[in-house]
Amino acid sequence: SQEILEHIQMIEVAVQDGKDTVRRMQDFTRKKKDQAFQPIDVKRLILDVVALARPRWDKSRTSDAIIIEPVLELKDDLVIMGNRSELQNALTNLVFNAVDAMSSGGVLTFRTDLVEDQVRIQVKDTGIGMTQETREKIFDPFFTTKGVQGVGLGMSEVYGVVDRHNGTIEVKSDIGKGTLITLHFPPSSAKKEAIPTET
């Protein structure tokens, strides 16, 4: 019957979702040492992330009063070694979280610089912020504040990507005062001209 067919289709979707979640968990717990890292121009990486994520906050406008303003404070000639796709996905995840936290609009700031011989990337929003309890759990797999809308692997995946790139991640946030995510990565001595660009 049609009802049985619909139940079978629902089961197939659930199995596929479970399969995808297991794969993501395996990626999170496994260091991908076999992946070849390439020199990455950090400024170009951030600009690409902003371009990819912009439709998310443009779409989030439900009235003329809700506007998210991106502010870019990006230094030139900052290069790190890494997997471009992984880093782009991780940063895009941070941007999506920031946009979700600013449902009434706000300012989304991207800042890059060199601090104590480390490349620093900061993503700052003026959103609702997080409680201390949330901050303490933010990197736990399956922890989510988005209910059934998210599978809860977002920030733990970001942590996994940063860790695989020999980096560190720090979260500062208070309720009503927004969130600041700070990433540090070892700099690369590779020349900017040698970096392949994506179109």
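Which residue takes a positive phi just after H5? In this predicted model, that residue is Asn166, whose phi is about 55 degrees. The helix that precedes Asn166 and the sheet against which that helix lies are described below, after an outline of the chain.

The chain contains five helices and seven strands, and from the N terminus on these elements follow one another in the order α-β-α-β-β-α-β-β-α-α-β-β. Of the 199 residues in the chain, 40% are buried, and the accessible surface comes to about 11,800 Å², with carbon and sulfur atoms accounting for 52% of this area. When contacts between residues at least 6 apart in sequence are considered, 72% of them join residues that are at least 24 apart.

Five of the strands form an open sheet with mixed pairing, in which the order is E2-E4-E5-E7-E6. The edges of this sheet are occupied by E2 (68-74) and E6 (168-173), and because each of these has a single partner strand, one side of each is left without a neighbour in the sheet. Averaged over neighbouring strands and with direction ignored, the turn of one strand against the next is 15 degrees.

Within the sheet, strand E4 (residues 106-115) is joined to strand E5 (residues 118-125) by eight bridges in the antiparallel sense. Along this pairing, Leu108 has Asp125 of E5 as its bridge partner, while Phe110 is placed opposite Val123, also in E5. The hairpin made by E4 and E5 has two residues between the strands, and in this hairpin Glu116 adopts a positive phi near 50 degrees. E5 is also paired with E7, again in the antiparallel sense, through seven bridges; in this second pairing Gln122 has Thr182 of E7 as its bridge partner.

Strand E6, at an edge of the sheet, includes Lys172. Once residues up to four places away in sequence are set aside, Lys172 touches Gly178, Thr179 and Leu180. Lys172 can also be located relative to Met130, from which it is separated by 42 residues in sequence and by 8.7 Å in space, C-alpha to C-alpha.

Helix H5 (residues 154-164) lies across both E6 and strand E7 (179-185), and its direction makes an angle of about 140 degrees with that of E6. H5 is mostly covered, eight of its 11 residues being buried. The buried positions are Gly154, Met155, Ser156, Val158, Gly160, Val161, Val162 and Arg164. Just after this helix comes Asn166, with the positive phi noted at the outset.

Arg164 of H5, one of the buried residues of that helix, also provides a link to helix H3, since its side chain makes a polar contact of 3.4 Å with the side chain of Glu86. Glu86 is placed in H3 (residues 84-100) and, because its relative accessible area is 10%, below the 20% cut-off, it counts as buried. H3 itself has 17 residues and reaches 24 Å from its first C-alpha to its last, close to the 24 Å expected at 1.5 Å a residue. Like H5, which is mostly covered, H3 is mostly covered, with 12 of its 17 residues buried. Besides Glu86, the buried residues of H3 include Arg84, Leu87, Gln88, Ala90, Leu91 and Thr92, as well as Asn93, Leu94, Val95, Ala98 and Val99. The N-terminal end of H3 is capped by Asn83, a side-chain oxygen of which lies 3.1 Å from the backbone nitrogen of Ser85.

Strand E3 (residues 79-82) contains Met81. Met81 counts as partly exposed because its relative accessibility is 35%, a value that falls between the limits of 20% for buried and 50% for exposed residues. With neighbours within four places in sequence left aside, Met81 is in contact with Phe37, Gln38, Pro39, His165 and Ser188. In addition, Met81 and Pro187 are 106 residues apart in sequence, whereas their C-alpha atoms are 7.3 Å apart in space.

Definitions and conventions:
Residues are numbered from 1 along each chain as its sequence is written. This is a predicted model: local features need pLDDT of at least 70, side-chain atom pairs count only at pLDDT 80 or more; totals for chains, interfaces and linings use all residues. Side-chain values use heavy atoms; hydrogens and water are left out. Helices (H or I, at least four residues) and strands (E, at least two) are DSSP runs, numbered from the N terminus. Buried means under 20% relative accessible area, exposed over 50%, partly exposed in between (1.4 Å probe, protein chains only). Contact means heavy atoms within 4.5 Å. Accessible areas come from the Shrake-Rupley method with a 1.4 Å probe; for residues, only the protein chains shown count as cover. A polar contact is a pair of N or O atoms within 3.5 Å; within protein, one must be able to donate a hydrogen and the other to accept it, and residues adjacent in sequence count only if both atoms are side-chain atoms. The expected span of a helix is 1.5 Å times one less than its number of residues. Two strands pair if DSSP finds at least two bridges between them. Axes are lines fitted to C-alpha atoms, for helices over the stretch in contact, and angles run from 0 to 180 degrees between N-to-C directions.
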